[in-house]
Amino acid sequence: MAGSSPVYAAPSTSASPPPAAPRPGAVASSSVTLPSGDRVVYQGASDSQTYSVVGRDGRTVPFLKFDPGNGHDYVIPASALSNVASLDAAQYDLPQLSRAVEPPTTQAPRTSARYPLHIVQINANDLASAPAQNALSFVMNVDSARKFAAVIPDIGGVARLALPVGNYAIYTGFAEYDATGQAIGIRLVLQDNLVVPDASGVSMVTADERTATAQVSAATPQPAKSDNVTLSVIRTDAVGNAIPIQAVASGNVFVSPQDAPTIGKLGSQVAWDGESPAGTHSPYRYDLLFPQTANVPANETYPVAASGLASLHYTFDTDASNTARTGLYEIGMRGPQVGGLVAYYPVTVPESLVDYVTASLPTGFAWLQSYFAELGKAPDEAFAGLQPGDEPSFAPGQQVWRTWGHGPLAPQVGQFSGPNNCYTCVSGTTMGIAFNGDFTDSEPQTSGYYEVPFGYPNPTVENFTVYRNGQQIFQGPGIGAWLSNIPQQDDTYRAAFDVDASGVSSVVQATKTHTDLTFVYHPAGDPQLTLPPGDFCDEAGSGTGSCRILPLLDLNYHLNTDGTNTSHAVSVLNLTVGHESYDGQGSQAPATSAKVEVSFDGGATWTSAATVPTARNHYLAIWPDTGAKGSMPSLRVTATDSIGGSITQTITNAYTIG
């Protein structure tokens with residue numbers, strides 16, 4: 001995403017940077033390509049950060065992760081262990097994923113001047129009891145991880161290192177491969193209560209892959225084949241540093257049982273994801289989180305009660321140009337200690353499925369979801385991504401319905417529930433005006449954007465302009481503007497936002513949008529515009545001032561197109577004219593007019609659709625699709641409210657005529 005800049009006056013020192021990207025649930029991602037060729041894709045920062053590890057085809061791959069925090073976080077794909085002799089752990093250290101905790105990691109060369117050392121040799125043996133060729137060990141001092149915590153490749157099945165005297169845990173990961181050399185699983189061998197003596201000689205430790213006998217699995221109400229398993233082992237040292245180790249693979253994760261350690265604590269937690277068998281008439285999947293357990297039990301098969309699940313009835317729509325009918329559904333969760341981990345699952349689009357998810361998540365956990373239409377196939381083509389923001393939890397038995405990617409797609413200011421950051425708010429003399437991404441689908445909480453692989457230019461062009469009382473005060477790229485030192489008087493603001501995605505070669509619908517919004521700002525405010533508790537706004541900076549929601553109009557479209565956003569003979573549009581809102585809080589001013597126009601010649605001429613009000617703030621528009629089959633009409637929608645607000649939105653190639 002292009003960033004927006006401060007307007008004519010710089011923000012005060014207490015103000016946050018301008019809103020340069022969509023809301024936290026939809027920030028554009030960054031990625032790092034590892035020496036193995038796999039990529040780590042991450043979004044956000046600190047407690048809100050999420051990540052995934054994907055191969056060259058964009059699918060999730062098996063990996064090991066060791067997170068000692070404060071500047072070090074090792075992500076080792078299983079593919080990298082196929083040639084462990086050449087593995088340099090430092091090249092898989094991603095500080096951008098590191099947690100901000102007390103520094104625990106001290107590499108071996110840095111310890112020699114501070115602690116008495118003793119030589120330890122780790123012998124890693126595979127399932128045939130031969131020296132393992134695909135193993136890697138995580139070594140941690142459990143008196144204090146600050147003394148030593150490091151990643152050590154077991155080259156030829158052997159790792160030798162000098163360790164400070166003390167008590168240790170050594171966790172060894174083994175990668176498994178199929179006949180073609182494709183990584184398919186992880187086995188994790190846990191060894192605890194190890195003492196490194198203050199003595200001469202060499203201490204031998206054997207990591208036997210055969211001891212990883214407990215397969216992580218779930219007993220689901222309906223048959224399901226696992227497509228992702230995450231085992232998180234959390235080892236806490238004697239002084240309270242919690243170090244997570246994760247083993248992630250598509251179903252083949254085995255672990256050796258481990259009782260309570262004599263020093264510190266040990267806990268584990270499992271997330272299990274699975275899909276319905278191939279050929280199932282009504283596809284479904286399970287995405288499950290199980291409670292954290294003390295230690296690592298010998299029985300890693302977890303029962304699943306249907307009464308503890310929520311049912312997410314999802315439909316995935318796509319662009320008519322997506323003839324391959326492929327998409328990616330992304331779901332994961334964010335939680336304490338282990339951060340946010342998401343995985344990608346291929347879906348055939350358009351498609352409907354039911355996702356059964358764990359309800360009533362533990363405190364601190366939140367669901368993360370998105371959908372990528374996977375329109376681009378070449379590495380320089382963009383993906384159309386949609387995210388609804390965080391879903392903190394669902395209730396047992398709750399039924400949720402939503403359609404992803406249903407057009408016409410166009411940017412909106414949005415209507416939100418649950419904790420959110422208000423980018424279109426005012427606090428004191430600081431005002432933010434921003435849209436909820438490059439586009440929104442038929443769900444008003446969705447953020448949409450075009451994403452390209454890291455290192456490739458994004459062909460999407462954004463331009464944002466702001467006027468006050470007819471005078472331009474800001475113009476620049478991005479989805480919004482940050483206004484400082486705004487006059488405390490009644491003024492009329494106008495925001496014009498243009499998005500041009502015509503350079504995205506795989507997108508043919510909604511290639512360009514122009515949105516023109518006007519609202520009247522009253523410094524005295526309206527109690528209904530106060531941002532609810534639990535939501536927050538950057539406009540308030542680090543101060544305690546309250547935030548007020550600006551009364552910007554928001555349009556919600558429900559067009560009677562099919563799953564490829566294609567119409568047939570007659571188009572019917574259910575139009576809702578509302579305002580930006582948070583948990584129902586926002587302007588309640590009624591809409592006073594709405595007009596829908598359609599163009600079959602690229603905007604050269606416009607025809608008014610028959611538009612009638614059906615209820616407060618609701619309108620119905622109907623028009624015949626007189627264009628040629630395969631052509632893409634443009635739409636222009638205009639609406640006003642009772643407090644001087646207006647919006648005009650033009651969508652080029654809004655849908656396809658079938």
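Two residues are in contact when heavy atoms of theirs lie within 4.5 Å. By that criterion, and leaving aside neighbours within four places in sequence, serine 226 is in contact with Ser250, Gly251, Trp272, Asp273 and Gly274. The structure is a predicted model. This briefing covers the surroundings of serine 226, two nonpolar cores, and a sheet that includes strand β49.

**Serine 226**

- Serine 226 is located in strand β15, which covers residues 225–236.
- The relative accessibility of serine 226 is 14%, so this residue counts as buried, the cut-off being under 20%.
- A polar atom of the serine 226 side chain lies 3.2 Å from the backbone oxygen of aspartate 273.
- A polar atom of that side chain also lies 3.5 Å from the backbone nitrogen of asparagine 228.

**Nonpolar cores**

- In soluble globular proteins, nonpolar side chains tend to be buried together.
- The largest nonpolar core comprises 62 residues, and Leu87 and Tyr171 have the most contacts inside it.
- Strand β16 (residues 242–249) gives the most to this core, contributing 5 residues.
- Another core, of 53 residues, lies apart from the largest one; among its members are Tyr493, Leu555, Ala591 and Trp623.
- Not counting residues up to four places away in sequence, leucine 87 touches Ile76, Ala80, Leu81, Tyr92, Leu136 and Pro153.

**The sheet containing β49**

- Four strands form an open sheet in the order β41-β43-β49-β48, with antiparallel pairing.
- The edge strands are β41 (553–559) and β48, each of which pairs on one side only.
- From one strand to the next, the twist averages 25°.
- Strand β43 (residues 570–579) pairs with β49 over 7 bridges in the antiparallel sense.
- Within this pairing, leucine 575 has tyrosine 619 of β49 as its bridge partner, and asparagine 574 has leucine 620.
- Strand β48 (residues 610–615) pairs with β49 over 5 bridges, also in the antiparallel sense.
- Threonine 611 stands opposite alanine 621 of β49.
- A hairpin is formed by β48 and β49, with 2 residues between them.
- In the turn of this hairpin, asparagine 617 has a positive phi of about 70°.

**The two faces of β49**

- In a regular strand the side chains alternate between the two faces of the sheet.
- Strand β49 (residues 618–624) shows such alternation: Tyr619, Ala621 and Trp623 point to one face and are buried.
- His618, Leu620, Ile622 and Pro624 point to the other face and are not buried.
- Trp623, on the buried face of β49, is also among the residues of the 53-residue core.

Conventions:
Residues numbered from 1 in each chain as written. Predicted model: local features only at pLDDT ≥ 70, side-chain atom pairs only at ≥ 80, totals over all residues. Heavy atoms only, no water. Buried < 20%, exposed > 50% of the residue type's maximum accessible area, 1.4 Å probe, protein only. Polar contact = N/O pair within 3.5 Å; in protein donor to acceptor, adjacent residues only side chain to side chain. Core = buried A, V, L, I, M, F, W, Y, C linked by side-chain atoms within 4.5 Å. Pairing = 2+ DSSP bridges. Axes fitted to C-alpha atoms, helices over the stretch in contact; angles between N-to-C directions.
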